[in-house]
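Trainee: I'd like to learn how to read a protein structure, one feature after another. Can we start with a single strand and work outwards?

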Amino acid sequence: MSTETAKSKDAYNATIARITPVADGLSLFLLEPDRPIDGRLPGHYVSIGLTDPDSGKLIRRPYSLSQSLGSTCDPNLLELLIIHVPEGELTPLLFNLTEGDRLFLRPKMLGSYLLPKLDPDMSIILASTGTGVAPHMTMLETCVEACRQVVLMECVRYSAELAYANQIQAYATGHPNLLYLPLVTREGGPKRYIQEFFSEGILEQEHGIQIDATHTHVFACGNPAMIGIPREDRKTGALSFEIQNGLIETLIQKYGLSIHKPRRPGEIHFEKYW
Ligand SMILES: Cc1cc2nc3c(=O)[nH]c(=O)nc-3n(C[C@H](O)[C@H](O)[C@H](O)COP(=O)(O)OP(=O)(O)OC[C@H]3O[C@@H](n4cnc5c(N)ncnc54)[C@H](O)[C@@H]3O)c2cc1C
């Protein structure tokens, strides 16, 4: 073992308490930090790392914190929903680990993909692709308890990848202000993407969901192609959209919502994973 490797492994400060396979190449990891990390809010992410056995370098990546509904486990344990990217750097190492193995966990809650001040007139739409459902699981109960209406939409390739579907469906049964819309693209049924629910008015026409800048906040997490993040001209503030009919373009142009920024609060919140 090189000195560099030894050093970065010395930085390991968390243990994998449990790994729960969800689908092929998709697992829930429950991490136990050596010391609890303060300041957690719904939507936060953490950074974890493993030493690359060849270079000895610590490879770090961000992961949204997730949350199983009704979980009774120690609140200091951190739940992550992670997909294996075979050509990636960190996840092939991660998916070789077993329970009890150690890794690096930056002892800080990170990110600004956080809920606004909620009120009973609000309607919150949580839209994700793939593992992007993770931060929405940490927001879900808070939103359902505080807001008039919550829509949780998630789009995955195969239904086995709907990691929390059973829990969400059971929870929705007792909470009529929650609408759960799981979408699956590769099982032969009609392919419907999240963006189309907005651009084609499906949410309004089929589900009676009104979208307007006064009452609606939309959270979008996961694949940048779904989110459709615009470029902003620094001088004029004009937005240009490389991805046509992405979610953000529709929310701005059709519904009059604006992108949330720390100094200019808006109703569109997004977290892109790559
Ligand atoms: C704020 C933030 C939070 C994130 N949270 C999560 C999370 O909760 N779960 C999770 O699995 N990933 C999450 N990611 C992505 C994660 O950080 C890594 O990029 C991913 O695990 C791949 O790492 P890697 O080193 O194996 O691959 P890399 O060498 O980093 O390869 C990156 C490539 O992998 C693909 N990729 C990355 N993330 C995903 C994904 N989630 N689904 C499908 N393809 C992907 C893309 O093609 C991307 O270009 C998050 C990213 C950000 C910025």
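Mentor: Sure, let's start with strand β8. Gln149, Val151, Met153 and Cys155 point one way from β8, while Val150, Leu152, Glu154 and Val156 point the other way, and all are buried. Keep in mind that this is a predicted model.

Trainee: How many residues of β8 are buried, and what does that say about the strand?

Mentor: To judge burial, you count neighbours: a residue is called buried if 20 or more other C-beta atoms lie within 10 Å of its own. In β8, which covers residues 149–156, eight of the eight residues pass, so the strand is largely enclosed by the rest of the structure.

Trainee: Which strand pairs with β8, and is the pairing parallel or antiparallel?

Mentor: For pairing, look at the partner strand and at the sense in which the two run. Strand β7 (residues 123–129) pairs with β8 in the parallel sense, over seven bridges. To find the pairing on screen, look for Ala127, which stands opposite Met153 in β8.

Trainee: And where could I see an antiparallel pair?

Mentor: Go to β3 and β4, which pair in the antiparallel sense over seven bridges. Here Leu50 stands opposite Ile59 in β4. The two strands form a hairpin with six residues between them, and Gly56 in the turn has a positive phi of about 80°.

Trainee: Which other strand pairs with β3?

Mentor: That's β6, residues 102–105, again in the antiparallel sense, but over two bridges. Gly49 of that pairing stands opposite Phe104 in β6. As for burial, six of the seven residues of β3 (residues 45–51) are buried, so this strand too is largely enclosed by the rest of the structure.

Trainee: You mentioned a positive phi. Why do people look out for those?

Mentor: Because most residues other than glycine have a negative phi. In this model, Asn245 has a phi near 60°, a positive value in a residue that isn't glycine. You'll find Asn245 in the loop between β12 (239–240) and α8.

Trainee: Is Asn245 buried, exposed or partly exposed?

Mentor: Count again: Asn245 has 15 C-beta neighbours inside 10 Å, so it counts as partly exposed. Tyr255 gets the label partly exposed because it has 17 such neighbours. Tyr255 is found in the loop between α8 (247–253) and β13 (268–272).

Trainee: What does Tyr255 touch, apart from its neighbours in sequence?

Mentor: Here the idea is to set sequence distance beside distance in space. Leaving aside neighbours within four places in sequence, Tyr255 is in contact with Ile211, Asp212 and Ala213. Take Ile211: it is 44 residues from Tyr255 in sequence, yet their C-alpha atoms are 6.6 Å apart. For the chain as a whole, take the contacts between residues at least 6 apart in sequence: 68% of them join residues at least 24 apart.

Trainee: Let's zoom out. How many helices and strands does the chain have, and how is it divided into domains?

Mentor: The chain has eight helices and 13 strands. It is divided into domain 1 (3–105) and domain 2 (123–272). Their centres, taken over C-alpha atoms, are separated by 26 Å. The contact between the two takes 16 residues from domain 1 and 17 residues from domain 2. On the side of domain 1 that touches domain 2, β1 (14–23), β2 (26–33) and β5 (78–83) each supply at least two residues. The largest share, three residues, comes from β5. By type, this side of domain 1 divides into ten nonpolar, six polar and no charged residues.

Trainee: Which residues come nearest to the ligand?

Mentor: Read a ligand site as a shell of residues, then ask where they come from. Of the 20 residues around this ligand, Arg61, Gly88, Leu90, Thr91 and Thr131 come nearest. The shell draws at least three residues from each of the two domains. β4 (58–64), β5 and α2 (90–94) each supply at least two residues. Sorted by type, the shell has twelve nonpolar, five polar and three charged residues.

Trainee: Last one: how do I judge the overall shape?

Mentor: Compare the radius of gyration with what a compact globule would have. With 274 residues that would be near 19 Å, and this chain has 19 Å, which agrees. Its C-alpha trace spans about 60 × 50 × 40 Å along the principal axes, and buried residues make up 35% of the chain.

Definitions and conventions
Residues are numbered from 1 along each chain as its sequence is written. This is a predicted model: local features need pLDDT of at least 70, side-chain atom pairs count only at pLDDT 80 or more; totals for chains, interfaces and linings use all residues. Helices (H or I, at least four residues) and strands (E, at least two) are DSSP runs, numbered from the N terminus. The radius of gyration is taken over C-alpha atoms; the globule rule is 2.2 Å times the number of residues to the power 0.38. A residue is buried if 20 or more other C-beta atoms lie within 10 Å of its own, exposed if 12 or fewer, and partly exposed in between; C-beta atoms are placed from the backbone. Two residues are in contact if their C-beta atoms, placed from the backbone, lie within 7 Å. Domain bounds come from an automatic or database domain assignment. Ala, Val, Leu, Ile, Met, Phe, Trp, Tyr, Cys and Pro count as nonpolar, Asp, Glu, Lys and Arg as charged, and the others, Gly among them, as polar. A residue is near a molecule or strand if its C-beta atom, placed from the backbone, lies within 6 Å of it. Two strands pair if DSSP finds at least two bridges between them.
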